[in-house]
Amino acid sequence: MISAVQHFPPELLSLICAHVYAAGLPPKVSSLDPLITSSDLVPTALPSSYPPSYWPDCTIRQTLHNLCLVNNAWDEAAKPWLWQKVEVRLPHDWLSLVEEIASGDEDEELDEALLVDQTIQEATNAALATRNIFGEQCQADLAKELHERLIATLSGPDGSIPPELLSPPATRDPSPRRLRAKSKSPARWKLMRSISDAVQNVMLQDHPGLYIPVPHDPRPGRFIRHLDFNHFRTIGMRRSVEEGFTNRFVTGDRLQAVLKEMPNLSAFGATEYMDGALNFSVIQELFLRGSLSRGRGRPSRGRDVVVHDPTNPEEEDRERRRECKELEALDLTGCVSAVFVKALTDFVNTHLIQNTADSDSGESDDEGSRPRSRGRPRNSMEEDPLVFPSLRRLGLRGVKSVQPQILNALALAFPSLTHLDLSCTRITPDLLTAFGSSQTIHLQSLALERCNWLTGESIREFLIDSPCTHTIRELSLYGDGTFPSSLSEDDMRDIFACAPCFRSGEMTYLDLSSSPVTRQMLLEVATAQPSLRSLGLSHIRNLELSAIAQFLRTKAPYVEILTLVNTSPELGYGNDHVSARHATIALHAQIIRPLCTPPFTFSLTTSTVKAEPPTRLRVVELAPPLLAGLGMGADSWRIVKSKGGRGWYADTASGWIAELWVILGGTNSNVWRMLMGM
């Protein structure tokens, strides 16, 4: 019996696969817990987490992979969604990815020539098969004529395929070898697009409106929109230091070859384990995409005619990158290698700083040596300042080796930022001042952790007076004993009282560790934060537990995670010595019991409504010595430790569930519910 699914149109199959992929997207408001993949409703490990309302990533990939194995129709529909996001975790996974996308053949030119010949032949056969519908016979002379017309179209002055790739392999002179760099060859997706356009142009001249099938490209590079190295590790492979230095897995050539085959890439994430591959060519490949790939020395306005030179490799690369999609998210966390720092410095000096430097030096010439021109020539090579309007998320956390002037010039080149992480960098107050004058930046998430070059006054003015900070929902000003916060009590009081992001009451994440927060600020100055879910108050030795508990109960009852590392004199971090026993008693008496325990109720009748605790608090981060004093915990509270030395005191009897309720009016809302006493 033949299934009816086999007769579904391709659009319907693609829609089904799109819904499978969408089933794994997290909701707008999701749980803060690590996710578990078990189908049981009861958590079996710590920290506790109920099954999410969306599918795990492994389930999505397995489902799409199984759909690709059904038949060719399902493979064509599911492959674009299967390759949407690629996470590189192991070195051998990366080598397999390079082989699959960029093909690891040594003789790349011969491989591309065979690809062009095969694709042209397939396109010719498909076009001739289509012409048979109109009663035309498919003869050898007709096929030869169509093939010659395609070659003539592709080898014209506007063609994007090199002439040496269009000649038959049998007539190509094998010696000497073509002197064309391997990394400068046209991308596979561009070859396929050029051939497809040529077939369309030739066939539409004879039969306008005729449908011509697109040539099949088995390489999945054009489907990838997210390439992530954040979990890439080479630890544990038993390689010597010399092997790790000379035989790298992620090299600049391999990474550039892969990026060339990803015209739709919109997000890229790097890590310190592969930052040696981020050379100047890779940096240009990432930034100069789309409309930004116009190159220096080319006119950006006016009536100057720009002629494309197909023999110039740099011009060929610019034309290829012009058809790529611009990046929307870039994460360079922890990239500190000398190769990366030099490449980023050269890129900023070449494309971002040199324009201003040239104009300044031109104006500072001695006026007596020559008369100043009243205007520039009409045909002068003039360029607009290079900006990246499409990039909205930028992560530069831990980029410590980049100089402040380079970092400032780079950060100011993104006028549409919504998420920015500049933690542990050398940014200066000048950058915050420049951000404050921007009318296009509307930040939603900002991290300025351990930026010891910033002053408290600059942070205060930035949060209070800058329009770009009015919409902040996630703010981290974390500091510790090594790099404490530069804010003073007056600065902190003004921020609580006047900063629009604090006054709005829409903050969801806030970390003020090591800031001089006092009881009076929390209880009298601070505005209620009904949306706050995570609060960081670590390394504040003189802040009382009673003030924190009262603030959570009256102004932030929906906080789920609280950090109290090296905080509060009751926990032993003040001037007076407190024993571990008294510290644990104070923690339970002032934080756990009054905030996390439901009020006692007594009724002779059975009631279905259970009393809820005053707050949603269920995870408290504490210092390791204090966690050791808690022993095995009390009631349902247990200790959870990480491999990095951090530890949490978590309530294993409560969890977080997002339920979707449909109101009569048709609107949806996420409702939080705490399940107690399991």
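A residue is called buried when its relative accessible area is under 20%, exposed when that area is over 50%, and partly exposed in between. The exercises below apply this to a predicted model.

**Exercise 1.** Decide whether Leu-15 is buried, partly exposed or exposed, and say in which helix and in which surface patch Leu-15 is found.

*Solution.* Begin with the location: Leu-15 belongs to helix α1, which covers residues 10-22. Next, take the relative accessibility of Leu-15, which is 45%, so that this residue counts as partly exposed. Finally, look at the surroundings, where Phe-8, Leu-12, Leu-15 and Ile-16 make up a nonpolar surface patch, with about 290 Å² of accessible area together.

**Exercise 2.** Classify Ala-270 by its accessibility and find which residues it touches.

*Solution.* Ala-270 lies in the loop between β3 (267-269) and α10 (280-287). Its relative accessibility is 1%, and therefore Ala-270 counts as buried. If residues up to four places away in sequence are left aside, Ala-270 touches Phe-229, Asn-230, Leu-278, Asp-331, Leu-332, Thr-333 and Cys-335. For one of these, Phe-229, the C-alpha atom is separated from that of Ala-270 by 5.0 Å, although the two residues are 41 residues apart along the chain.

**Exercise 3.** Explain why Cys-424 does not form a disulfide with Cys-451.

*Solution.* A disulfide requires two cysteine sulfur atoms within 2.5 Å. The cysteine sulfur closest to that of Cys-424 is in Cys-451, at 6.8 Å, and this is too far for a bond. Counting by this rule through the structure gives 0 disulfides. As for accessibility, Cys-424 is buried, because its relative accessible area is 17%, whereas Cys-58, with 47%, is partly exposed.

**Exercise 4.** Describe the salt bridge between Glu-285 and Arg-321, and place it among the salt bridges of the structure.

*Solution.* Recall that side chains of opposite charge can pair when their charged atoms come close. In the salt bridge of Glu-285 with Arg-321, the closest N and O atoms are 4.0 Å apart. This pair links distant parts of the chain, since Glu-285 is in helix α10 and Arg-321 is in helix α11 (residues 313-322), 36 residues apart. Both Glu-285 and Arg-321 are buried. Salt bridges with shared partners join Glu-285, Asp-317, Arg-320 and Arg-321 into one network. The structure holds 19 salt bridges, among them the one between Arg-89 and Glu-87, whose closest N and O atoms are 2.8 Å apart. Here Arg-89 is partly exposed at 40% relative accessibility, and Glu-87 is partly exposed at 26%.

Conventions
Residues are numbered from 1 along each chain as its sequence is written. This is a predicted model: local features need pLDDT of at least 70, side-chain atom pairs count only at pLDDT 80 or more; totals for chains, interfaces and linings use all residues. Side-chain values use heavy atoms; hydrogens and water are left out. Patches are made of residues with over 30% relative accessible area and no salt bridge: like charges are joined within 9 Å, nonpolar side chains (Val, Leu, Ile, Met, Phe, Trp, Tyr) within 5 Å. Accessible areas come from the Shrake-Rupley method with a 1.4 Å probe; for residues, only the protein chains shown count as cover. A salt bridge is a side-chain nitrogen of Lys or Arg within 4 Å of a carboxyl oxygen of Asp or Glu. Helices (H or I, at least four residues) and strands (E, at least two) are DSSP runs, numbered from the N terminus. Buried means under 20% relative accessible area, exposed over 50%, partly exposed in between (1.4 Å probe, protein chains only). Contact means heavy atoms within 4.5 Å.
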